[in-house]
Structures are given as C-alpha cells and as structure tokens.
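Open the model in your viewer and show side chains as sticks. The stops below tell you what to select next and what to look for there.

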Amino acid sequence: MGHDQALEAFQLECGALGDAVAGLSDAEWNLPTRCTPWTVRDLLGHVCVVIDWLPAILDAPSPPEAEISAVEYYRPDDRFSPQTDAKRIALAQDRAARPADGGAFAEDFAATWRRAYRLCRDQPGGRTVRTRHGGAMLLAELLLGAEHAPAADKLEWSRSRFLRKATGRELLNEAEAAQAERLGIRWLALG
C-alpha cells in the first residue's frame, strides 16, 4: 500500500469513525467495546493518542532508510505486555477525559485526524520516520510489509474489506484464515 493509498485509507477510516461517534448519546459513549476494558470513549481516546504522536514524529529528522515494516513494528513482544497495556489504557483514558462531552470529543477527534492527515499529505512518498519504539519505517507502511503486498492481492478483497479483516472488525472464516496463512500473511498484533 503506497503513500497515497495509505492516506486515502486513513482519511476514509477516520471520516467513518468520526461520523459514527458524532451522534452518540452520553450512554453510548460509555458502552463497553470488544477491546476490553475500554469503553467507546476510551477507545477513541486511544486512537487520538496514537494520532497525536504523528506531528512530533514528522518534525524529527527522516532516517536514511526503513529498518522495519508495520508487521515488525506490531510484533507481539513487550509492546503488548501487561505493564505496557496498563500504560496504554491509562493514556487512552486520560486523553478521553479531556473533552467535556461526547460532542466536543467527536469534534476534537475530527480536528486531530485532519491535522495529522494534512501533515502526512505534505510528506514525500518514501518518507521514513523514527517510530516511538525507535525503529525506522516508511510513513505509509500500513498493515503489511512490501514483501506481502502481492500475497494480499491474491486474497481478492477490496481495500476496505482487507482493512476490516486485518483489524478484526470482520472475522476471518476458516477458509480465509487458511488462505492467508498459505500466502504467508502475518496479521499485526493489535492487543
């Protein structure tokens, strides 16, 4: 997935998420999600925390070359230990508590992702960044390293369906899981 495609996916996904939360009631903001222990508000807080990192990452000097792919970045190591998860949850809950009400939080989220989108759009294709964990990777690496892009094409899924499957919003059936495994596709560790 190239720079322009990754930005398009980011814009579409954030727009859809923003639309989904814009009209939530106070009670809906506090509903549990599949990402235990987060409520809807907490989960959006987590998304905001991650997006909030982008401006500083983009202000830093660009490393000369990518050292890791997104698959390597989201590997299941100490980044997903109970201690790190506890910090991640606390950061998300703190970020989610800032806006006074749900409507203000939805507007804050929209402003947050649009700023990051503009900053990323202004970056050249092939821009490398230093992640918060120290590795250098391509800014547009999304979900798969470049070595797996041809394999992903063999799944014959639309981009939006691939994104839903890869992020767990649409479950893989047994045949799809077996095909992805045969193709050597490793899904990201997202929690």
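**Charged pairs**

Select Arg121, which is partly exposed, with a relative accessible area of 43%. Keep in mind that this is a predicted model. Now add Asp122, which is exposed, at 58% relative accessible area. These two residues form a salt bridge, with the closest N and O atoms 4.0 Å apart. Side chains of opposite charge can pair when their charged atoms come close. How many salt bridges does the structure hold? There are 8.

For another of these pairs, select Glu176 and Arg161, whose side chains meet in a salt bridge of 2.8 Å, N to O. This pair links distant parts of the chain: Glu176 belongs to helix α9, Arg161 to helix α8 (residues 159-166), and their positions lie 15 residues apart in the numbering. Is Glu176 buried or exposed? Glu176 is buried because its relative accessible area is 9%, under the 20% limit. Arg161 counts as partly exposed, at 26% relative accessibility.

**Around helix α9**

Stay with α9 and select residues 174-182. At the start of this helix, a side-chain oxygen of Asn173 comes to within 3.1 Å of the backbone nitrogen of Ala175. Then go to the other end: just after α9, Gly184 takes a positive phi of about 80°.

**Where α3 meets α5**

Next, select helix α3 (residues 40-59) and helix α5 (residues 82-97). Two packed helices are described by the angle between their axes and the distance between the axes. Here the axes come within 7 Å and cross at roughly 100°. That makes α3 roughly perpendicular to α5. The contact involves Arg41, Asp42, Gly45, His46, Cys48, Val49 and Asp52 on the α3 side, and Arg88, Leu91, Ala92, Gln93, Arg95 and Ala96 on the α5 side.

From that group, pick Arg95 and Asp52. Their side chains meet in a salt bridge, 2.7 Å from N to O. This pair, too, links distant parts of the chain, with Arg95 in helix α5 and Asp52 in helix α3, 43 residues apart. Arg95 is buried, with a relative accessible area of 4%, whereas Asp52 is partly exposed, at 34%. Add Asp108 to the selection: Asp52, Arg95 and Asp108 are linked in a network of salt bridges.

**Arg41**

Now move to Arg41, which is found in helix α3. Which side chain of opposite charge is nearest to Arg41, and how far away is it? The nearest is Asp26, 6.0 Å away, and Arg41 is buried yet has no salt bridge. Look instead at the backbone of Ala96: the side chain of Arg41 reaches the backbone oxygen there at 2.6 Å. To see the surroundings, show Trp29, Ala96, Pro99, Asp101, Gly102 and Phe105, with which Arg41 is in contact, leaving aside its neighbours within four places in sequence.

**Last stop: Gln5**

Finish with Gln5 in helix α1 (residues 3-22). Gln5 is partly exposed, with a relative accessible area of 30%. Add Arg159 and draw a distance between the two C-alpha atoms. Gln5 and Arg159 are 154 residues apart along the chain, and their C-alpha atoms are separated by 9.3 Å.

Notes:
Residues are numbered from 1 along each chain as its sequence is written. This is a predicted model: local features need pLDDT of at least 70, side-chain atom pairs count only at pLDDT 80 or more; totals for chains, interfaces and linings use all residues. Side-chain values use heavy atoms; hydrogens and water are left out. Helices (H or I, at least four residues) and strands (E, at least two) are DSSP runs, numbered from the N terminus. Buried means under 20% relative accessible area, exposed over 50%, partly exposed in between (1.4 Å probe, protein chains only). Lys and Arg count as positive and Asp and Glu as negative; His and the chain ends are not counted. A polar contact is a pair of N or O atoms within 3.5 Å; within protein, one must be able to donate a hydrogen and the other to accept it, and residues adjacent in sequence count only if both atoms are side-chain atoms. Contact means heavy atoms within 4.5 Å. Axes are lines fitted to C-alpha atoms, for helices over the stretch in contact, and angles run from 0 to 180 degrees between N-to-C directions. Angles under 35 degrees count as roughly parallel, over 145 as roughly antiparallel, 65 to 115 as roughly perpendicular and the rest as oblique.
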